[in-house]
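The exercises below go through one structural model. Each task is followed by a solution in steps.

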Amino acid sequence: MTTITLSHPIKIQQQTIITQEPAWVRWMLIGLALTFLALFLFVPLISVFYEALKKGVDVYFAAITEPDALAAIQLTLTAAAIAVPLNLVFGVAAAWAIAKFEFHGKNILITLIDLPFSVSPVVAGLIYVLVFGLQGWLGPWLIEHDLKIIFAVPGIVLATIFVTVPFIARELIPLMQAQGTEEEEAAVVLGASGWQTLWRITLPNIKWGLLYGIILCNARAMGEFGAVSVVSGHIRGNTNTLPLHVEILYNEYSYAASFAVASLLALLALITLAIKTFVESKVTPQKGKLSHEH
Amino acid sequence: MSTFKQHSVLPGFNLALGFTLLYLSLIVLIPLSAAFIRTAELPWPQFWATVTSPRVLASYQLTFGASFAAALTNAAFGLLVAWVLVRYQFPGKRIVDALIDLPFALPTAVAGIALTALYAGNGWIGQFLEPLGIKVAFTPLGVYVALTFIGLPFVVRTVQPVLEDIETELEEAAAMLGANRLQTFLRIIFPTIFPALMTGFALAFARAIGEYGSVIFIAGNMPMISEITPLLIITKLEQYDYAGATAIAVVMLLISFVLLLIINLLQWWSRRRNALA
Amino acid sequence: MSIEIRHLHKQFGSFAALRDINLKIHAGELLALLGPSGSGKTTLLRVIAGLETADTGQVLFNDEDATRQHVRDRQVGFVFQHYALFRNMTIFENVAFGLRVRPRHSRLKNQEIHERVTHLLKLVQLDWLADRYPHQLSGGQRQRIALARALAVEPKVLLLDEPFGALDAKVRKELRSWLRRLHDEMPITSVFVTHDQEEALEVSDRVVVMNEGRIEQAGTPDEVYEQPVNPFVYEFLGHVNLFHGRIHQGRAWIGDIEIDAPEHAEAEDLAAIAYVRPHDIEVDRFLNGDSALPARVSHILSVGPVVRLELTREDHQDRNLVQAEISKERFRELQLAKGDRVFIKPRRLDLFPHQSH
């Protein structure tokens, strides 16, 4: 710090007296912002854990270890374990094509990748029913071959994939665009094959962005509710994911159990945020430190 | 091919683009087209009657009204939160900053039951509002609360980087020319962050329109009063009214596409604004 | 308006940006604050402007204490190094900004604002750009608009922070002489910060040389260039040659040369450094009478009216280089070529006892 201080004495105090509001204005604004965040963010988060533990630790552990809950955990993990790697491969392929090459229609392709973000989760579930459901395009054919997608695990996986398609790709595209193609070109000129270039040059360069995308993708995959709800059929112990299990328990008025299961998901969210914050400090150290700490 | 793609020594373009297009088609494009094709099979008068029936119209009104109010709230408070996070120092700031993204990471069902418990008549927050005659849970106001929660990070995260990039010199220049802080904010800072603010608003609005999980718990879901459009789609599906569900879904999809277009334009505008130093 | 600075001190953490600064700036003067980066010149300018507060000390405007006065009330115009033009406003609105944000009771009518802005844009010769936006202008044009904007509020003092720092060499030269002319027409008390000694000497009425938070010397460009008070000022203002030597009881020795040094009558066998400007080095082919230093021509640069010679001393182990500037006439007279042996002698020098010995 001292060397920076010495060479740029002005830079260290970014907010000078005249671009700083009076103290009472500052504290009023901070107070207002924190009150808003408390009402809409912090208190709801705390209440999840409070409600979960209200009836005691025994009830809590009973709720999260009963067979239906365990089955839901297993299904949620399975869906994420399929959806995340597939979207990872897709994300790397899409980012490679978009960031390292110049071609027509690139912007349209980027918009198409973003599309699932702007589709309501309920609509996302519905379109799979229209394709694979009993009255759907492939419905008769699936019945003939005794295959079940809707109201079964494959439907849940497909819906999960749909809502998480953009996550990794949209992290990687700007990152790889910013890094340019020079290093890859150098590798190719030195005789590396395409896969070698990808493994040895590109992936190490984007590892943090990749991790960032995977974390966000995973959080959404495990937490998706609307789309999965439409295609699940809500069969306990069979096609129930964790978020759906929360709903079922809640509708049965088993609030403590419902919040207990919800607290697992809330914990997952907090871990996601912690890793995300850590990765951000890795990717942009100056953003994490300097600009946030005036 | 030569006009489609510029030459490059890097390999793998055909494979990468081919896989991307195939995956996108199978997962996103073909299923989405199913909604439009199935709707096209529906006679126009029947389609129109479905999507304009009183119950559906009431759901549009609620969905758009509550989404708009929630996005507006988030625009105002999101700007405030971004300002406080960028400009001021206070204890716990790092944690607050990290927690802003909670609505992105927390499953919507969890948010839904937590907000319902809080804002119900006997809840932590609801018990203070009830005596004032304000009922939140199981009313349209509850829909607004849930949509405000899920849209919260959008404005903060779009405005924050733009606010960080404003040079102190600009504000000093305004002060040297005699402007007070309010004038500096209104004439210099606000115009600079306005495109980002609009983008954040549009993102929060678009997200709120399609939201389902967090709303259904707190809304009460009374037809004509607190029933959102996505819930109507589910209701119709449960009644095996596939045609009706699809018709409403198509209306929602078209609205989403228009919003997506607007958001892209806003982002382009925002980037352009900030690129011109 | 005159400005007086008394015992100003400013600390950034453990770094003292300003140490006991005392300075009087006369009304109507164009003053340059010159120094390397980190010397405190910009901090001093910002304290005068009110953008920064000093830890201790006073700033007086027309003998009235302005230390606690708010920027808005100081009637100071400030021009930023990177222009700080408002990018969402046209050039016209940028210049009009200071007039538009005045309190309602003292605000001019729209017509008057229009007239004044148009007048200022004409003054900086850019009235044809009124409807453009800042990003459509070149750097030099932007800086002139920044100046017009600062002048619009009719400041009593004009402060410029490295006004030409971000411009390329040619535009910088043009703007320099333009600023000088503008100041002659409109003699507002002006202070500008620069790290370019040529700029400071060429434009200003008076130069204040700063280093490590202190004022090293203040004087007219002639004074600071011709009579630097210490080695720092000597080295900072233009090229200078260093000769190591000794002083003893009013006499000094540099190599074989012996010189009178009456100002060092007290010195008892001290190491010393002599500073000699390149144009104060006499070059000759032969040793005529007096003592001189033998050297060899190692490089010749003969562009323009002055010929620059790079000479290697032959009597010195370090074989350190000496730069000399002679007229083209003299160069022809001597018929010098690379590798030739010459004798050099300082025509004028300043002696300073060597600190580290």
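**Exercise 1.** What is the area buried between chain A and chain B, and what percentage of it do carbon and sulfur atoms give?

Solution. The model is predicted, so local features require pLDDT of at least 70 and side-chain atom pairs count only at pLDDT 80 or more, while totals for chains, interfaces and linings use all residues; side-chain values use heavy atoms, with hydrogens and water left out. Residues are numbered from 1 along each chain as its sequence is written, and chains are lettered from A and ligands numbered from 1 in the order in which they are written.

Step 1. Buried area is the accessible area (1.4 Å probe) that two parts lose on being put together, summed over both. Between chain A and chain B this is about 8,900 Å².
Step 2. Carbon and sulfur atoms give 77% of that area.
Step 3. Counting contacts (heavy atoms within 4.5 Å), 99 residues of chain A touch 98 residues of chain B.

**Exercise 2.** Describe the polar links across this interface and the make-up of the side belonging to chain A.

Solution. Step 1. Take a salt bridge as a side-chain nitrogen of Lys or Arg within 4 Å of a carboxyl oxygen of Asp or Glu. Chain A and chain B share two salt bridges. In a salt bridge between these chains, B:Arg181 meets A:Glu21 at 2.7 Å, N to O.
Step 2. Helices (H or I, at least four residues) and strands (E, at least two) are DSSP runs, numbered from the N terminus. Helix H2 (residues 23-53) of chain A supplies the largest share of the side of chain A that touches chain B, with 21 residues.
Step 3. Sort that side with Ala, Val, Leu, Ile, Met, Phe, Trp, Tyr, Cys and Pro as nonpolar, Asp, Glu, Lys and Arg as charged, and the others, Gly among them, as polar. The result is 63 nonpolar, 25 polar and 11 charged residues.

**Exercise 3.** Which class does the ring pair of A:Tyr50 and B:Trp124 belong to, and why?

Solution. Step 1. Rings of Phe, Tyr and Trp (its six-membered ring) pair if their centres lie within 6.5 Å; planes under 30 degrees apart are stacked, over 60 edge-to-face and the rest tilted. Over all chains there are 36 aromatic pairs.
Step 2. The centres of A:Tyr50 and B:Trp124 are 4.8 Å apart and the planes stand at 50°, so the pair is tilted.
Step 3. A:Tyr50 sits in helix H2 of chain A and B:Trp124 in the loop between helix H6 (108-119) and helix H7 (126-129) of chain B, so the pair joins two chains.

**Exercise 4.** How many helices and strands are there in chain B, and how confident is the predictor in each chain?

Solution. Step 1. Chain B has 13 helices and zero strands. Its C-alpha atoms fill a box of roughly 70 × 65 × 35 Å along the principal axes.
Step 2. pLDDT is the predictor's confidence in each residue, from 0 to 100. The mean is 85 for chain A, 90 for chain B and 88 for chain C.
Step 3. In chain A, pLDDT stays under 50 over residues 1-14 and over residues 285-294. Where pLDDT is low, the predicted coordinates should not be read in detail.
Step 4. For the complex, the predictor gives an ipTM of 0.89 and a pTM of 0.85.
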